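I opened this entry to look up how the cysteines are linked and how one of the sheets is put together. I start with one of the links and work outward from there.

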Amino acid sequence: GDVFPVGTTTVTYTATDIHGNTETCSFTVTVVDDTKPVISNCPSNINVTTGTGNTLCSQTATWTAPTADDNCGIATFTSTHNSGDVFPVGTTTVTYTATDIHGNTQTCSFTVTVVDDTKPVISNCPANINVTTGPGNTQCSQTATWTAPTAADNCGIASFTSTHNSGDVFPVGTTTVTYTATDIHGNTQTCSFTVTVVDDTK
């Protein structure tokens, strides 16, 4: 019924008779520590977004670190990532591992999910364009030209399309030209301008 420490303790019984003769009996009590550490306040799964105007395909995530305790003492308490680290778009598993002085381990895991919601950036969108059919034109239309804009994205452009191209022929009236940039995660951004063709052909 005694309490024994972790490790091996020798227990000895000694019998002594009324004339001083003795005899002993010994055995050992070995206590093995197989109690795992306890990790408290493991964070819940974390979701963050890249955010407006982010130029990187990643985001910082923060949390309150858990704590570890053990009946015999913690030897190490490590983590694959730390609060304040930058995480890439997608899901990353963060694992804390507590190891006690006798080699027992306990883990605590949660995920950090970074969602890309940053729209592409379209630069140098043309201003509205006005052209005339011109003298002697036999068509009720005219060609319009412009310098095409460019598109960039924090995670990468999947497609950059336009309803019309520089050098196309436009009918008399006003036509809206729209460029659409779509990134690899489906976020889109548009840039629009008008081409107005005025009929001044006599």
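I looked first at the link of Cys 57 and Cys 155, which is right-handed, with 100° about the S-S bond. The model is predicted, and in it the sulfur atoms of this disulfide are 2.0 Å apart. I then placed the two ends: Cys 57 sits in the loop between strand 4 and strand 5 (58-60), while Cys 155 sits in the loop between strand 14 (150-152) and strand 15, so that the pair links distant parts of the chain, 98 residues apart. I checked accessibility as well, and found Cys 57 partly exposed at a relative accessible area of 28%, whereas Cys 155 at 15% counts as buried, because the cut-off for buried is under 20%.

Next I counted the disulfides and found three in the structure. Counting the bonded cysteines along the chain, I noted the pattern 1-3, 2-5, 4-6.

I turned to the disulfide that joins Cys 42 to Cys 108, with an S to S distance of 1.9 Å; this link is right-handed, with 85° about the S-S bond. Cys 42 lies in the loop between strand 3 (38-40) and strand 4 (46-49) and Cys 108 lies in strand 10 (residues 105-115), so the pair ties together parts that are 66 residues apart in sequence. Cys 42 is partly exposed at 33% relative accessible area, and Cys 108 is buried at 6%.

I then looked up the disulfide of Cys 125 and Cys 191, whose sulfur atoms are 1.9 Å apart, and recorded a right-handed link with 90° about the S-S bond. Cys 125 is in the loop between strand 11 (121-123) and strand 12, and Cys 191 is in strand 18 (residues 188-198), 66 residues away. Here I noted Cys 125 as partly exposed at 34% and Cys 191 as buried at 6%.

Strand 18 led me to the sheet, which is open and has four strands in the order 12-18-17-15, with mixed pairing. Strand 12 (129-132) and strand 15 (157-162) are at the edges with a single partner strand each, so one side of each has no neighbour in the sheet. On average, neighbouring strands of this sheet are turned by 15° against each other, direction ignored. I followed strand 15 to its pairing with strand 17 (residues 173-183), where the two run antiparallel and are joined by five bridges, and where Ile 157 stands opposite Asp 183 in strand 17.

Technical notes. Residues are numbered from 1 along each chain as its sequence is written. This is a predicted model: local features need pLDDT of at least 70, side-chain atom pairs count only at pLDDT 80 or more; totals for chains, interfaces and linings use all residues. Side-chain values use heavy atoms; hydrogens and water are left out. Two strands pair if DSSP finds at least two bridges between them. Axes are lines fitted to C-alpha atoms, for helices over the stretch in contact, and angles run from 0 to 180 degrees between N-to-C directions. A disulfide is a pair of cysteine sulfur atoms within 2.5 Å. Buried means under 20% relative accessible area, exposed over 50%, partly exposed in between (1.4 Å probe, protein chains only).
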